[in-house]
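Biologist: I would like to learn how to read a model such as this one, feature by feature, beginning with single residues and ending with the overall fold. Could we start with a loop?

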Amino acid sequence: MCELGEERGLCGWNCKHSYYAFVDGFSTRTYTDEQLEELEAKEQEQHEYKGKSYNAYQASQAQRQMETTMRAQRANIKNLKQGNADSDTIVAAQARYLNTLNQYKDFSKKMKLPEQIERVYMDGLGRIAGGKSTKAVTKKQEEKAINHTLKNAVGKDIIQVEKTTLNSSPNSITQKTSKKGGVERNYYDNQGKQIKQISNNNHGNAKMHPYGKKGEHAHDYIYDADNKLIGRPTRELTKEERRMLIYYDVIRAKKKNK
Ligand SMILES: [Zn+2]
């Protein structure tokens, strides 16, 4: 479930509350016993998404998390545009938002839950990604934008740090390396704000990081309109990020052997 929202999200899920009892404007008293039984059965119904099973409450929670993510992604796009970020950065941010949107639609459909996209659009930011259609940014364009960002990173100095901080020099990359070879690499945007972290390990917390082969994973940093960090959802590394991590390991091994 982690990949849909925040680390602390459904992974730590233990709430037994009923989803349907909390739908706005519904009063459970208007139901007959028979209807209640039916609802209860419906609540327990499990639907699959990407190999994981959700009941109605879990699915609705995942929807809320994705809506929160999308609001943050939209706010981030607005900030990037206002900060005159370069177009690759903006396109990459738009692509991330549109990917979440597509995932949200797909997920809602599979869960047989209505979309509540108005919870996202209530930010009043309007159409913030692409032109006429939400398909304005294709998978190819997204990959191109991400590759471009990474290619830039190859030629860049990586600043070794003792501690990871939320702010650093604009467009910099820092890295915290543990004695055991654990790497946390941090990416900062043109305002010096952290936007991403890539790790080659699970920070010793395997339960929260069921990713990769050795727990390697990425966090995207999500800010609200006031630049307050509101989440750092965990995800699998992309192919490119994986390659970068391997690239780095090779360089490091070569240096060591010199
Ligand atoms: Zn992590």
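Modeller: Let us begin with Asn 167, which is found in the loop between E3 and E4, and keep in mind throughout that this is a predicted model.

Biologist: Is Asn 167 buried or exposed?

Modeller: The reading rests on a count of neighbours, and a residue is called exposed if 12 or fewer other C-beta atoms lie within 10 Å of its own. Asn 167 has 10 other C-beta atoms within 10 Å, and it is therefore exposed.

Biologist: Which residues does Asn 167 touch, not counting those up to four places away in sequence?

Modeller: Asn 167 touches Gly 192, Lys 193 and Gln 194. For Gln 194, which is 27 residues apart from Asn 167 along the chain, the separation of the two C-alpha atoms is 5.9 Å.

Biologist: Where does Asn 200 lie, and is that residue buried or exposed?

Modeller: Asn 200 lies in the loop between E6 and E7. Here the cut-off for a buried residue is 20 or more other C-beta atoms within 10 Å, and because Asn 200 has 21 of them, it counts as buried. Its C-alpha atom is separated by 7.2 Å from that of Lys 214, a residue 14 places apart along the chain.

Biologist: These loops join strands, so how should I read the sheet, and in what order do its 6 strands come?

Modeller: A general point comes before the case: in a regular strand the side chains alternate between the two faces of the sheet. In this model the sheet is open, with the order E3-E4-E5-E6-E7-E10 and mixed pairing. Its edge strands are E3 (158–160) and E10 (234–235), each of which pairs on one side only.

Biologist: What is the sense of the pairing between E3 and E4?

Modeller: E3 pairs with E4 (residues 173–177) in the parallel sense, over 3 bridges, and Gln 160 has Gln 175 in E4 as its bridge partner. By contrast, E6 (residues 194–199) and E7 (residues 217–220) run antiparallel and are joined by 4 bridges, with Ile 198 standing opposite Ala 218 in E7. E7 is also joined to E10 by 2 bridges, again running antiparallel, and there the bridge partner of Ala 218 is Arg 235.

Biologist: How do I read two helices against each other, and at what angle do the axes of H2 and H3 cross?

Modeller: Two packed helices are described by the angle between their axes and the distance between the axes. The axes of H2 and H3 come within 9 Å and cross at roughly 160°, which makes H2 roughly antiparallel to H3. The crossing in which H2 passes H3 is left-handed.

Biologist: Which residues touch the most other members of the largest nonpolar core?

Modeller: In soluble globular proteins, nonpolar side chains tend to be buried together. The largest nonpolar core here has 21 residues, and Met 70 and Tyr 97 touch the most other members. H2 (56–82) and H3 (87–111) each supply at least two residues of this core, and H3 gives the most, with 10 residues. Leaving aside neighbours within four places in sequence, Met 70 is in contact with Tyr 97, Thr 100, Leu 101, Tyr 104 and Val 120. Another core, of 8 residues, lies apart from it and includes Ala 75, Tyr 188, Ile 195 and Ile 222.

Biologist: How many helices and strands does the protein have?

Modeller: The protein has 6 helices and 10 strands, and buried residues make up 24% of its 258 residues.

Note on methods. Residues numbered from 1 in each chain as written. Predicted model: local features only at pLDDT ≥ 70, side-chain atom pairs only at ≥ 80, totals over all residues. Pairing = 2+ DSSP bridges. Core = buried A, V, L, I, M, F, W, Y, C linked by C-beta atoms within 7 Å. Contact = placed C-beta atoms within 7 Å. Axes fitted to C-alpha atoms, helices over the stretch in contact; angles between N-to-C directions. Parallel < 35°, antiparallel > 145°, perpendicular 65-115°, else oblique. Left-handed = near helix turned anticlockwise from the far one by under 90°.
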